[in-house]
Amino acid sequence: MASTLATLTSISPKPYPTTSSSFHSSQKQTLRFPPIHQNPNFTSSRKCTFLPPISAVAVTEKVETIGKELTKLTLEEARTLVDWLQEELGVSAAAFAPAAVAAAPGAVEAAPVVEEKTEFDVVIDEVPSSSRIATIKAVRALTNLALKEAKELIEGLPKKFKEGASKEEAEEAKKQLEAAGAKVSIV
C-alpha cells in the first residue's frame, strides 16, 4: 500500500518569526496522499500555501499597531498607562467591574457564608445497664432534676439532655456523662 501513495513536499514559511538561531525560516512538510489515478506514469503537482490564522475580530491597522505597542510594555509601564488613562478620561477601572461580572455571571460566585454554631444540644444516646446509677447521679449533678425525673430522662433513649448550651457547657456535660458510662453526642 505504501507504494501506491503519492508524496507531497512543500516548503512553507513559519507563521511567526523566531529570534532563536536554531530554527530555520522555513519548515519542510511532507504529506502522503492516495493517488488520484491508477496510472503509474501520472505525476501530480500540488501547491501548498500558508494562510495566516483568521482573527475572530476585524480590527483596523491603527488598532492593531496600538495593540502591538501595548504588548511591548512592562507591567510597571502598563500600570502607569492605566493610571494616566483614568485621569485623562475621568473613568476608573472599578466602574467597569460590574459590567465584567454581568458579562460572565458564572465566572465569579460568592463564597457561601458559614456561620459558626454557638448553641449546642447534648443528646444521651445510650446508657448501659451497668452504668445507669452513675449516669443518674451525673444527670442530677448537672441539672436540678429530682431522682424520679433523672431516672425518666435516661429511659427511652436517645433524648436531649441539654438544649441551647454553649460549646464549653456542652463539652463539660459530655465529659461528665461519658465518665459515668453513657454514650453522648453533641448536636
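**Exercise 1. Start inside helix α4**

The side chain of T135 reaches a backbone oxygen at 2.7 Å; find out which residue that oxygen belongs to, and then work out how T135 sits in this predicted model.

*Solution.* Step one: go to the side chain of T135 and look for the backbone oxygen at 2.7 Å, which is that of S131. Step two: place the residue, and you'll see that T135 is part of helix α4. Step three: check how covered T135 is. Its relative accessible area is 0%, and buried means under 20%, so T135 counts as buried. Step four: see who surrounds T135. Skipping neighbours within four places in sequence, T135 is in contact with V127, I154, L177, A180 and A182.

**Exercise 2. Put the strands in order**

Work out in what order the three strands of the open sheet lie, and which strands are at its edges.

*Solution.* Begin with the order, which is β4-β3-β5, with antiparallel pairing. Now look for strands that pair on one side only: these are β4 (159-165) and β5 (183-186), the edge strands. As for how the strands are turned, neighbours in this sheet are at 20° to each other on average, if you ignore direction.

Next, take the pairings one at a time. β3, which covers residues 120-126, pairs with β5 over four bridges in the antiparallel sense. β3 also pairs with β4 in the antiparallel sense, over four bridges.

**Exercise 3. Match the bridge partners**

Find the bridge partner of F120 in β4, then the partner of V123 in β5.

*Solution.* On the β4 side, F120 has A165 as its bridge partner. On the β5 side, V123 is partnered by S185. While you're looking at β5, you can also spot V184, which stands opposite I124.

**Exercise 4. Buried or exposed along β3?**

Decide whether β3 is mostly covered or mostly open, then see how E126 fits in.

*Solution.* Count along the strand: five of the seven residues of β3 are buried, so the strand is mostly covered. Now pick E126, which also lies in β3. Its relative accessibility is 41%. The partly exposed class runs between 20% and 50%, so E126 falls into that class. E126 still has company: leaving out residues up to four places away in sequence, E126 touches L157, A182 and K183. For a sense of distance, the C-alpha atoms of E126 and S185 are 9.9 Å apart, although 59 residues separate the two along the chain.

**Exercise 5. Explore the largest nonpolar core**

Work out which residues touch the most other members of the largest nonpolar core, and which element gives the largest share of it.

*Solution.* The core has 17 residues, and those touching the most other members are V122, I124, V139, F161, L177 and A182. Two or more residues each come from β3, α4, α5 and α6 (167-180). The largest share belongs to α6, with four residues.

Now zoom in on I124. Not counting residues up to four places away in sequence, I124 touches V139, L153, L157, P158, K159, F161, L177, A182 and K183.

**Exercise 6. A loop and a helix**

Find the polar partners of T143, then see what K174 is in contact with.

*Solution.* T143 sits in the loop between α4 (132-142) and α5 (147-153). The residue is buried, because its relative accessible area of 18% is under the 20% limit. Its side chain reaches the backbone oxygen of V139 at 2.7 Å. A polar atom of the T143 side chain also lies 3.4 Å from the backbone nitrogen of L145.

Move on to K174, in helix α6. At a relative accessible area of 24%, K174 is partly exposed. Beyond its neighbours within four places in sequence, K174 is in contact with V184 and I186. The C-alpha atoms of K174 and I186 are separated by 7.6 Å, with their positions 12 residues apart along the chain.

**Exercise 7. How confident is the model?**

Find the mean pLDDT of the protein chain, and then see what happens over residues 5-25.

*Solution.* The chain has a mean pLDDT of 74, and 58% of its residues reach 70 or more. Over residues 5-25, pLDDT stays under 50, and the model has 40 contacts beyond four places in sequence for that stretch.

Key
Residues are numbered from 1 along each chain as its sequence is written. This is a predicted model: local features need pLDDT of at least 70, side-chain atom pairs count only at pLDDT 80 or more; totals for chains, interfaces and linings use all residues. Side-chain values use heavy atoms; hydrogens and water are left out. Two strands pair if DSSP finds at least two bridges between them. Axes are lines fitted to C-alpha atoms, for helices over the stretch in contact, and angles run from 0 to 180 degrees between N-to-C directions. pLDDT is the predictor's confidence in each residue, from 0 to 100. Contact means heavy atoms within 4.5 Å. Buried means under 20% relative accessible area, exposed over 50%, partly exposed in between (1.4 Å probe, protein chains only). A polar contact is a pair of N or O atoms within 3.5 Å; within protein, one must be able to donate a hydrogen and the other to accept it, and residues adjacent in sequence count only if both atoms are side-chain atoms. A nonpolar core is a set of buried Ala, Val, Leu, Ile, Met, Phe, Trp, Tyr and Cys residues joined through side-chain atoms within 4.5 Å.
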